[in-house]
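Reader: I should like to learn how the descriptive terms used for a structure are justified. May we take them one at a time, setting each value against its definition?

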Amino acid sequence: MSEQEEKSVFQKKISRRKLLKLTGIGTVGAIIGASGMTGVLSAFGMNPFEDDDETVENKIKFYGKHQSGIATKGPEHVYFVSLTCVAKSKKELKELFQLWTKQSAELMNGRLIEQAKSNTLLPPVDTGEAVGLNASHLTLTFGVGPSLFENKALGLQSMKPTELKDLPHFPKDQLDAHYVGGDICIQACADDPQVAFHAIRNLVRSGRGKVTMHWSQAGFNSYEMKHKEKRTPRNLFAFKDGTGNVNVESSKDMKEVVWVQPSESKNWMIDGTYLAVRRIQMHLETWDRTALSGQEETFGRHRDSGAPLGKMDEFEDMELDRKESGGRVVPDTSHVFLALQVKDRMLRRSFSYSDGINPNTGAFDAGLLFLSFQKHPKQFINIQNSLGRNDKLNEYITHRGSALFACFPGVTKGSYLGAELFD
Amino acid sequence: MKKMMQVTGVLLLTSGLLVGCGTTATEKPIKKEVSQASTLDTEVAAYKAFAIDQLDQFVIATEAFVEAVKAGEVEKAKELYAPARMYFERSEPIAESFGDLDPRIDARLADIKEEGQGEEEWSGYHKIEYGLWVEGKTEGYEEVADQLMKDVKELRAKVETVTVTPDLMIVGAVDLLNEVSTSKITGEEEIYSHTDLYDFKANVEGAEEIFKLFKANLQEKDAALVTTLEESFASLNDLLAKHEDGKGGYVSYEVLTKEDTKALSEAVDHLGEPLSQMAIVVE
């Protein structure tokens, strides 16, 4: 055993990968010798109140003031699922969130949700496809939709914030009921798609009988690296998406834009946020036959650099009012122009998706899983209304899915997800 | 695969140590012996008796069905078809122990083709189903009917020789539900008669019978699991009851909407997870 491994074992921590390395009786003897019984106990995930394990590679903290997966930078893969609650009482639902809390902490430590049992006639507790993979910066974000509060059996009606309601119909919406709404959502983000999928699969599996799956969407982001820093990712139209985004490292910005502050909503939402989800189909075939100048006028930016039209650098000021030979440099029908007409801001955290081929048209079924976090849904609604009918981008996209979720605040150790709502 | 095995080895060892150390406030001691068939003798014997009884009735119901086919009574044969098959579907974990008899009685044309065999190898209930519903006749199916009768009687005779174990019952209960998920839900079992809901119901009853036999034992080990299973069986049975035809049978599977089949499928999945936990009976 290397010094590193020994250290981590001594500190009662072990990752999925390290678990694999520790094979054979001799090694187990060594662990016991080195760290005593409690180390082994905790090493195999037997502590029901598992803490964040800071020694684990590529680890995002589960416990904290806010949930993970919101201010977490540079997500690469997402598996998003919208669930229908079939639990028949608040007690049942609360128990599910308590179980999910324990499992989420384990998953984000890069471990199995529960140790294996010796009875081989039982199916494995953990589905196992993440064995040997590390924590992979897994984040898990949980939210509840407006419909959950209308379920009378749960008795949560009085807890519903007034702003938590279905998003209004927007111009050019062509929603497909298969991608609309949901009682509960879970967003899993990770560096590895299999780690994200494994997390959702196991959470859904342990929720059988209390939740059913309504819809889901996997997505991805890739990053150009510069000086070991992730640059703004490109969407499938090849434009940088997220240049003018809220700075997640600025607690001032996050307080102003994302985190619900006391007296701004129901108390259980303090330090939580609202998640707007849109599944936006992108018509790649029509886009690909559009002239580069037309593509750039659609976004209001240069494609390769991401700079505002007429400028050189991605992060230069837009200066929307610039004119050249009498006309606007940034067209007033461009996506960026319209988005900046309202003072509202939101934290965008979108992913591309590709889902095979549309059987009716033979075209790619691809697009953007748009996810935005804001302290009040009206921020998203105002921006989307501003884009309205005039957005030149509308020619190339169709909104197919829509949902709004209230995401709980973070979890303090010893408590559980949604405690503020259910207790 | 090898690595996985090694990990399991480590975990086993650890569990053993835990039991010894008395640090297991939250953990149940894990027994080393997986199969303790001796303590489940009553359950095993009761299950064998159940299967024999089902197959006795299967012989009787098949006799009536075969008689109708040979008498050229198409409508009567159609009426007898689905209810007769239910005895077989209920006892499938045992019936399918006989690799050659099961396909001779129950193969679909698709199964035969998958095996690389020609249509001439096709026999049993589903072949006659084709005659009754697609061709609307019994002529030419007399020999198939005779052969079916012989095969069903042989199955009944052979069942005496089956060694029933707790493993067979545990795996069988889950397999019955898996049958439902993979072929009944999709309407691929009864592609001509669309009587899939009869098979569906019978598979569920077969799984429920195994649960009932284990119930007292399970109650001691995990009372919450018993409650969950009772509730899950009840919700699935309630859903199935919505599709009864009011004459003691079920409506055609073709009548079901996508929402209906999705709800049934979800109810089966809800039941499947706790059902697979029945394996704790051997601990």
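Reader: Why are H9(B) and H12(B) called roughly antiparallel?

Author: The axes of H9(B) and helix H12 (residues 258–276) of chain B cross at roughly 160° and come within 10 Å. An axis is a line fitted to C-alpha atoms, for helices over the stretch in contact, and the angle runs from 0 to 180 degrees between N-to-C directions. Angles under 35 degrees count as roughly parallel, over 145 as roughly antiparallel, 65 to 115 as roughly perpendicular and the rest as oblique. The angle of roughly 160° is over 145, and therefore H9(B) and H12(B) are roughly antiparallel. The crossing of H9(B) past H12(B) is left-handed, a term for a near helix turned anticlockwise from the far one by less than a right angle (right-handed if clockwise).

Reader: What makes the contact of H9(B) with H12(B), and how do its residues divide by class?

Author: Ala173(B), Val174(B), Leu177(B), Val180(B) and Ser181(B) come from H9(B), while H12(B) supplies Val268(B), Asp269(B), Leu271(B), Gly272(B), Leu275(B) and Ser276(B). Contact means heavy atoms within 4.5 Å. Seven of these residues are nonpolar, three polar and one charged; Ala, Val, Leu, Ile, Met, Phe, Trp, Tyr, Cys and Pro count as nonpolar, Asp, Glu, Lys and Arg as charged, and the others, Gly among them, as polar.

Reader: On what basis are such values and names given?

Author: The model is predicted: local features need pLDDT of at least 70, side-chain atom pairs count only at pLDDT 80 or more, and totals for chains, interfaces and linings use all residues. Residues are numbered from 1 along each chain as its sequence is written, chains are lettered from A and ligands numbered from 1 in the order in which they are written, and side-chain values use heavy atoms, with hydrogens and water left out. Helices (H or I, at least four residues) and strands (E, at least two) are DSSP runs, numbered from the N terminus.

Reader: Why is H2(B) called oblique to H9(B)?

Author: Helix H2 (residues 41–70) of chain B and helix H9 (residues 166–184) of chain B pack at about 60°, their axes 9 Å apart. That angle falls in none of the named ranges, so H2(B) is oblique to H9(B). H2(B) also passes H9(B) in a left-handed crossing. Glu43(B), Val44(B) and Tyr47(B) in H2(B) meet Pro166(B), Leu168(B) and Met169(B) in H9(B). This contact has five nonpolar residues, no polar ones and one charged.

Reader: What makes a nonpolar core, and which residues touch the most other members of the largest one?

Author: A nonpolar core is a set of buried Ala, Val, Leu, Ile, Met, Phe, Trp, Tyr and Cys residues joined through side-chain atoms within 4.5 Å. In the largest nonpolar core, of 78 residues, Phe200(B) and Leu218(B) touch the most other members. H2(B) gives the most to this core, with 13 residues. Residues up to four places away in sequence aside, Phe200(B) touches Val180(B), Lys184(B), Ile185(B), Leu236(B), Leu240(B), Leu264(B) and Val268(B). A second, separate core has 69 residues, including Tyr63(A), Leu138(A), Ile397(A) and Phe422(A).

Reader: Is Val81(A) buried or exposed, and how do you know?

Author: Buried means under 20% relative accessible area, exposed over 50%, and partly exposed in between (1.4 Å probe, protein chains only). Val81(A) has 0% relative accessibility and therefore counts as buried. Val81(A) is found in strand E1 (residues 77–85) of chain A. Its contacts, not counting residues up to four places away in sequence, include Ile184(A), Ile200(A) and Trp215(A). The C-alpha atoms of Val81(A) and Trp215(A) are 5.9 Å apart, although 134 residues separate them along the chain.

Reader: Is Ile357(A) buried or exposed?

Author: The relative accessible area of Ile357(A) is 59%, so Ile357(A) is exposed. Ile357(A) has its place in strand E11 (residues 351–357) of chain A.

Reader: Why does His137(A) count as partly exposed?

Author: His137(A) has 30% relative accessibility, so it counts as partly exposed. His137(A) sits in the loop between helix H4 (90–108) and strand E2 (139–144) of chain A. Its phi is near 55°, a positive value in a residue other than glycine.
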